[in-house]
Amino acid sequence: MKLTKIELHNFRNYVNQSLDFSDGINVFLGENAQGKTNLLEAIYVLALTRSHRTNNERELINWDSQTAQIRGILQKRLGSVPIELDLGLKGKRAKVNHLEQARLSSYVGQLNVILFAPEDLSIVKGAPQVRRKFMDMEFGQMSNRYLYNSTQYKKILKQRNRYLRDLHHKTQSDRVYLDVLSDQLSAYGAEIIFQRLQLVKKLEKFAKVVHSEISQGKENLAFAYKTAVADDPINVVESVYQNLLKQFSKIKEKEIMRSTTLIGPHRDDLHFVINDKEVQSFGSQGQQRTTALSVKLAEIDLMKEQTDEYPILLLDDVLSELDDFRQTHLLTAIQDKVQTFLTTTSLSGVQQELLTNPKIFRIDNGNVSLEK
């Protein structure tokens, strides 16, 4: 999969901008606050219909406009595909091959991206919600089924939490309706947990190889998906569903007292383990960085396995955060494999001998020029 062209209209500080990209490495070069990351963000938004930098979509639209458009041309195995995303104060519209999509969930997955930024180190050492968001964003690109179940789960979860508060404050008393919501939440939750377990296992397989190479065979990386549903490996969706129902029945009074749902995929976590020690708590900073890098590079192969297309890699000022050894491994691993977009303030800190024929765009206050 390649993004051959992008057009921006009133997106951030770009009123009208059209760029043609290389199939290999594309560099957005410039000082801070000039618009480099805005270009990277535009690709991310075009892929996932949401930003990785803000939840306020008004920030994505130029202040002098009420709407913004991002258009792209994808080159896939089966041919060229135009995609388009319109952002407005009243919502979003997405098109594939000029046909408007009824649901955004049917649009996501057309363009698959993997973002690696300095803050992604928090995948390893950050709070559990960071890793849950990571799983939802990445697995949702790989599977429409996962994305649908995740969307439905969040809707039912809001309803259930609201009803638990009503029961707590005694503005409602019907426990049967709570059981109905518990059943619905268990059904979607079981699908999510089951898919997470399957995809985490596959991601671990690829990450083990990468991590062993970077650590020169001295370290063994393992993943552990932590869920309150069961201690034993879960093999079928039905068993997860039944376990969730059983747990909800046991903690019903506690949940009413606390006015919130206490178990489910929204409370689960993903742990990383090196040589039988958890990286989050006991890993050195170097081990945490290597783990994050291993996970990101593993995603490339997992996405290829799941979708039969390599994703596009977005590197947002991350090379400056990696030492020469890890930087070399990253650039060697992606060379001639995935289309890559990276932002940097200077190429002096980048091992340029590893950048084969990069296409360099210089960014200056929202103006883009192509370096010869």
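Let's start with β14 and β15. These two strands pair in the antiparallel sense, over four bridges. β14 covers residues 359–364, and β15 covers residues 367–370. Keep in mind that this is a predicted model.

Which residue of β15 does Phe 361 face? Phe 361 stands opposite Leu 370. The two strands form a hairpin, with two residues between them. Look at Asn 365 in that turn: its phi is positive, about 55°.

Now the other partner of β14. Strand β3, residues 25–29, pairs with β14 in the parallel sense. Again there are four bridges. One pair to find on screen: Val 27 has Ile 360 of β14 as its bridge partner.

On to the helices. Take α4, residues 144–168, and α5, residues 175–214. They pack at an angle of about 150°. Their axes are 9 Å apart. Parallel or antiparallel? Angles over 145 degrees count as roughly antiparallel, so α4 and α5 are roughly antiparallel to each other. The crossing of α4 past α5 is left-handed. What sort of residues make this contact? The split is 15 nonpolar, eight polar and five charged.

Last, the domains. The domain assignment gives two entries here. Domain 1 is 1–112 plus 309–371. Domain 2 is 127–307. How far apart are their C-alpha centres? The distance is 28 Å. And the two domains do touch: 21 residues of domain 1 are in contact with 21 residues of domain 2.

Conventions:
Residues are numbered from 1 along each chain as its sequence is written. This is a predicted model: local features need pLDDT of at least 70, side-chain atom pairs count only at pLDDT 80 or more; totals for chains, interfaces and linings use all residues. Side-chain values use heavy atoms; hydrogens and water are left out. Two strands pair if DSSP finds at least two bridges between them. Axes are lines fitted to C-alpha atoms, for helices over the stretch in contact, and angles run from 0 to 180 degrees between N-to-C directions. Angles under 35 degrees count as roughly parallel, over 145 as roughly antiparallel, 65 to 115 as roughly perpendicular and the rest as oblique. A crossing is left-handed if the near helix is turned anticlockwise from the far one by less than a right angle, and right-handed if clockwise. Ala, Val, Leu, Ile, Met, Phe, Trp, Tyr, Cys and Pro count as nonpolar, Asp, Glu, Lys and Arg as charged, and the others, Gly among them, as polar. Domain bounds come from an automatic or database domain assignment. Contact means heavy atoms within 4.5 Å.
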